[in-house]
Amino acid sequence: MCDSRPPPADGDDIAACAPQSASAVASSVDGDAVAIDTVAPGEGSGITTLPSGEPEAWHGRHPRREFKARGSQVIRCEACRLPRLNCLCPYQVTAESRIKFWLITHPLEHYKPTNTGRLISDVLAGTEVFSWYRVEPDPRLLALLEDERYQPFIIFPDDQPDYADRVVDVNAIAGVGADVATHTASGEARIPVFILLDGTWRQARRIFRKSPYLDGLPVLPLHTQRLTRYHLRKPASEAHLCTAEVAAELLRQAGEENAASVLDDYFDAFNDCYRASRIHYVLEPTAPMRRLLARRDATAGES
Ligand SMILES: [Zn+2]
């Protein structure tokens, strides 16, 4: 959400549009070439409504129903969607966290194999993923926002004055220094929820600004010195973290060190598997992968 993610230099990253139906995903070695038809009513045609700051590769191409990329014959694992050459599945482990994540994912992001929001769902049970449509908010999300068992925070930078009164810091999760209700009317502890806006920086800003149902939520910015380790798209700045990195860092700052480490290792494994497959290289397990395998073995031993 905090990164500005241009497509790769070869310009393969492009969406094709058809109104409001399921998606077709063209697999490629690059994995970025996806045909997505993601336009909800009122959104216009996806290509033409892309923000003006999107890279050149997005512009001047006519929407197509399906986009077949160079390398579209690559064989993918159906479970993790990575090229089978370096499948991610052996490294999938889960972790416990008292914090939940709800992702509001921009439709153009949803089906990209390089999307990292889905890594959060793999690691943390109970993660919810919603597609964002400006004129049709997901009723399940609206219901969850009304559910007093949860205390949602929207993760967003605190760089604009007009919502400064909503900005809190990570201590607010524990009810410190902010007017946030940590317990329900009947006295039960509410479950903290981090809402991540999963898309490019411009997409995330659009979701933040155009979703009135998020207007009442406390805004929790992520302040970190961490630089991105994401290899699969070139960030505008090393300080722009991808969605999984944002989640890992938030978990760490909120005291969920174990979940943060697992998610970080899984993210690194994803990154390395994907990058190796792009150059048709079969990877030996890296240090993060070995930690995940050990964790998986330990979990299997317990059951
Ligand atoms: Zn797999």
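**Notes on the predicted model**

1. Burial first: 41% of the 303 residues of the protein chain count as buried. Keep in mind that this is a predicted model. The protein chain averages a pLDDT of 79, and 76% of the residues score at least 70. The part to be wary of is residues 2–68, where the pLDDT is below 50. That stretch still has 147 contacts in the model beyond near neighbours in sequence, so I'd read those contacts with the low score in mind.

2. On the overall layout, there are seven helices and five strands in the protein chain. Going along the sequence, the pattern reads β-α-α-β-α-β-β-α-β-α-α-α. Take the contacts between residues at least 6 apart in sequence: 71% of them join residues at least 24 apart.

3. Now the sheet. It is open, its five strands are ordered S2-S1-S4-S3-S5, and the pairing is parallel. Strand S2 (128–131) and S5 sit at the edges with a single partner strand each, so one side of each has no neighbour in the sheet. Helix H5 packs on this sheet, where it touches S1, strand S3 (150–155) and S4. The direction of H5 makes about 155° with that of S4.

4. If you want to check the strand register, start with S1 (residues 100–105) and S4 (residues 191–198), which pair in the parallel sense over six bridges. Tryptophan 102 has isoleucine 195 in S4 as its bridge partner. For isoleucine 104 the partner in S4 is leucine 197, and for threonine 105 the partner in S4 is aspartate 198. Isoleucine 104 also stands opposite phenylalanine 130 in S2. S1 and S2 run parallel and are joined by four bridges.

5. S4 has a second pairing, with S3, again in the parallel sense and over five bridges. Here proline 152 has valine 193 in S4 as its bridge partner. How covered is S4? Mostly: seven of its eight residues are buried.

6. Back to H5 (243–253). Nine of its eleven residues are buried, so the helix is largely enclosed by the rest of the structure. The buried ones are Thr243, Ala244, Glu245, Val246, Ala247, Ala248, Glu249, Leu250 and Leu251. Note that Glu245 and Glu249 are among them. The partners of these buried residues are S1, helix H2 (117–123), S3, S4 and helix H6 (257–278). Just after H5, glycine 255 takes a positive phi of about 90°.

7. The largest nonpolar core has 56 residues. Those with the most contacts inside it are Ile120, Ile154, Ile155, Leu196, Ala247, Leu263 and Tyr266. H6 supplies the largest share of this core, ten residues. Leucine 263 is a handy place to look: leaving out residues up to four places away in sequence, it touches Ala95, Leu119, Ile120, Val123, Ala244, Ala247, Ala248 and Leu251.

8. What about arginine 233, buried or exposed? It lies in the loop between strand S5 (219–220) and H5. With 20 other C-beta atoms within 10 Å, arginine 233 counts as buried, because the cut-off for that label is 20 or more. Arginine 233 is 119 residues from threonine 114 in sequence, yet the two are 8.0 Å apart in space, C-alpha to C-alpha.

9. Two backbone angles deserve a second look. Most residues other than glycine have a negative phi. Arginine 81 is not a glycine, but its phi is positive, about 70°. Arginine 81 is in the segment before S1, and it is partly exposed, with 19 other C-beta atoms within 10 Å. Histidine 280, also not a glycine, has a positive phi of about 60°. Histidine 280 lies in the loop between H6 and helix H7 (287–302). With 11 other C-beta atoms within 10 Å, histidine 280 is exposed.

Methods: Residues are numbered from 1 along each chain as its sequence is written. This is a predicted model: local features need pLDDT of at least 70, side-chain atom pairs count only at pLDDT 80 or more; totals for chains, interfaces and linings use all residues. Helices (H or I, at least four residues) and strands (E, at least two) are DSSP runs, numbered from the N terminus. A residue is buried if 20 or more other C-beta atoms lie within 10 Å of its own, exposed if 12 or fewer, and partly exposed in between; C-beta atoms are placed from the backbone. Two residues are in contact if their C-beta atoms, placed from the backbone, lie within 7 Å. Two strands pair if DSSP finds at least two bridges between them. Axes are lines fitted to C-alpha atoms, for helices over the stretch in contact, and angles run from 0 to 180 degrees between N-to-C directions. A nonpolar core is a set of buried Ala, Val, Leu, Ile, Met, Phe, Trp, Tyr and Cys residues joined through C-beta atoms within 7 Å. pLDDT is the predictor's confidence in each residue, from 0 to 100.
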